[in-house]
Amino acid sequence: MSLKKMFKYLTSHDKQSISMRYRLLAYMMLLLIMAVAILVTGLVFSGVISMDDERVVEAMNMRLNIEEQQLKGEVDAITVQGINLAENLGRETEHFFTDNKININDLNNDIDSLSKLQNSYYGYMNTAIQVSDASGVYAIINATANTKIKDSDNSRSGVYLRVSNIDLKEKANKELNLYRGIADIGREKGLRMNNQWQLEFDMNRSVVKLPEGKVGDLNSEYSYTGKNKLVNMWEEVVLLAVPFAGTDGSAYGVCGLELSEALFSLWHPAFKSEYGPFVTVIAPYDGKTFYLDQGLVGGTKDTFLTDKEDFTINDNGKLTKMSSSYGEYVGVMKETDIFGDYSNSGSKEVNTENKVNSNWMLCVMMPESYYNEYMNGLRTRWMVILLLVIVISFVTSIILSRRYVSPVLSGMEALKGDSEGGEITKTGYSEIDDLIEFMKSQGSEEVIVEEKLPENVAILFDRFADNIKKLSPAEWIVMKLYIEGYEIADIPDKAFISMATVRKHNRNIYEKLEVASRDELMLYIDLFRRSNRLDELIPEEEADDQKQDEG
């Protein structure tokens, strides 16, 4: 029987006859569905099954790839501008030395020459910062305006320009302020003076180092620093450092662009997903600890995340679990060479014994509370759905069981002549309907000849005879009393058992013999009696005992 045919029957209201086997199959299928739903509900409730966890992992990995590509494009643009700047400053410096017949050492104590050289740098530096998305640009010359001051060996002349107000929408005509350099440049170019302005760079406190020896290919000579605070300022930055030199490779100084954490947070705002806010972080990782205070943190709206914390990695499964004093987070992470090798120039000492420790780690993370809230909501929805399946299956099972049993009982009553008008009522079971039709066609005292039995009825007889072998000895005692014509009320006294035990045996007898009621059971007994086949219902052991007694 096809599922389509079965569904058509279950949704119809007519009395077409269908085999008991198929009806039982439909009923058992419902019970199976209900059992599976109960099992899954228990597993979901206990947390053994984590519903839809893969979707969160997939979404975070997708966001991680997007952020990596975006950051790579941003950093590559800064790198290209930094290398171009170094090439331009190298040529400009060499031309200046040639025109003035001096060298790098002659710049020491020559404030006029340093002023002219810095002034010639301005155009290239302004172009670099206007074209790129960097938050600042600098150039350090390996010379000082005064060799007589204390610690003059670590004081170096140069220019540092910073963007006053970072606005990603307005990239052209950025307003600049002078953070380092000769003040006359600021006045001539209309620059604001930074409130922490100084004439020269203090190399003791600088995160970049002046090149030593000859400078080779700039495409391999550049590097990025770790995140550090600018001197006497609260802002933290990562700096690109590119040496600039003459055509013979003689080093003149170092230059580059600045990527501030404020700019990074604007580039990478918290991404609002259906699971919670995703935050982008790039920071060093030593295999156990993720150092956010040494890295860059994107927008943190609704996450309570700060860059002042270090995370301990608790579990590196599908979702990495991270904990800090501020709370628990989950995320996905991967090593990246976007900034090249990690340069530890910050305040925290990071273990560098292992190679992985010298690399940056890119991470997309969110508070675990958002993750748990989403998963609990998802688990609740699944629980509701599964409970509905259980309830619907249970109610449907009750309805179907009544629909299966009621017609049989009606048919039995009609067969006994108890129904109104004595009419035969269709049960809907092909085997039972054929049996009732056959019984009605026979006289009440007429012996039934086996050859006259309809095929369906004969099969039903054989199955009943086979099933009776399944009865236990205690169940057979009750069955034997029914065969002898006793009513259910007589069984306790005859079998020396309680009525509760009788009912228990009855349930087992009905189930094993595949009958719905005592009326149906007595109908079979009557049929076997009239067919002279009662002997087939007696167990072999008892039949042998009877023959010995008769002998």
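**Exercise 1. At roughly what angle do the axes of helix α3 (residues 53-100) and helix α4 (residues 111-131) cross, and within what distance do they come?** Describe the packing of this pair in the predicted model.

*Solution.* Two packed helices are described by the angle between their axes and the distance between the axes. In this structure, the axes of α3 and α4 come within 10 Å and cross at roughly 160°. Since angles over 145 degrees count as roughly antiparallel, α3 is therefore roughly antiparallel to α4. The next step is the handedness, and here α3 passes α4 in a right-handed crossing. On the α3 side, the residues that make the contact are Gln 81, Leu 85, Asn 88, Leu 89, Glu 92, Thr 93 and Phe 96, while the α4 side contributes residues including Ser 113, Leu 117, Tyr 121, Tyr 124, Met 125 and Val 131.

**Exercise 2. Work out how strand β4 (residues 176-180) is placed among its neighbours, and decide whether it is enclosed or open.**

*Solution.* Begin with strand β3 (residues 158-163), which runs antiparallel to β4 and is joined to β4 by four bridges; within this pair, Arg 162 stands opposite Asn 177 of β4. Then turn to strand β5 (residues 192-198), with which β4 pairs in the parallel sense over three bridges, and where Arg 192 of β5 stands opposite Asn 177. Asn 177 thus has a residue opposite in β3 and another in β5. The connection between the parallel strands comes next: β4, helix α5 (residues 183-189) and β5 make a right-handed β-α-β unit. Finally, consider burial, for which the cut-off is under 20% relative accessible area: five of the five residues of β4 are buried, so the strand is largely enclosed by the rest of the structure.

**Exercise 3. Classify His 268 as buried or exposed, and list its contacts beyond its neighbours within four places in sequence.**

*Solution.* First locate the residue: His 268 lies in the loop between α7 (261-267) and β11 (271-272). Its relative accessibility is 1%, and His 268 therefore counts as buried. Once neighbours within four places in sequence are left aside, His 268 is in contact with Glu 67, Gln 70, Leu 71 and Glu 74, and also with Thr 280, Gly 298 and Gly 299.

**Exercise 4. What share of the residues in the protein is buried, and how many helices and strands make up its secondary structure?**

*Solution.* Of the 551 residues in the protein, 47% are buried. The secondary structure comes to 15 helices and 18 strands. As a last step, take the contacts with a separation of 6 or more: residues 24 or more positions apart account for 65% of them.

How values were computed
Residues are numbered from 1 along each chain as its sequence is written. This is a predicted model: local features need pLDDT of at least 70, side-chain atom pairs count only at pLDDT 80 or more; totals for chains, interfaces and linings use all residues. Side-chain values use heavy atoms; hydrogens and water are left out. Buried means under 20% relative accessible area, exposed over 50%, partly exposed in between (1.4 Å probe, protein chains only). Helices (H or I, at least four residues) and strands (E, at least two) are DSSP runs, numbered from the N terminus. Two strands pair if DSSP finds at least two bridges between them. A crossover is right-handed if, with the strands pointing away from the viewer, the path from the first strand over the helix to the second runs clockwise. Axes are lines fitted to C-alpha atoms, for helices over the stretch in contact, and angles run from 0 to 180 degrees between N-to-C directions. Angles under 35 degrees count as roughly parallel, over 145 as roughly antiparallel, 65 to 115 as roughly perpendicular and the rest as oblique. A crossing is left-handed if the near helix is turned anticlockwise from the far one by less than a right angle, and right-handed if clockwise. Contact means heavy atoms within 4.5 Å.
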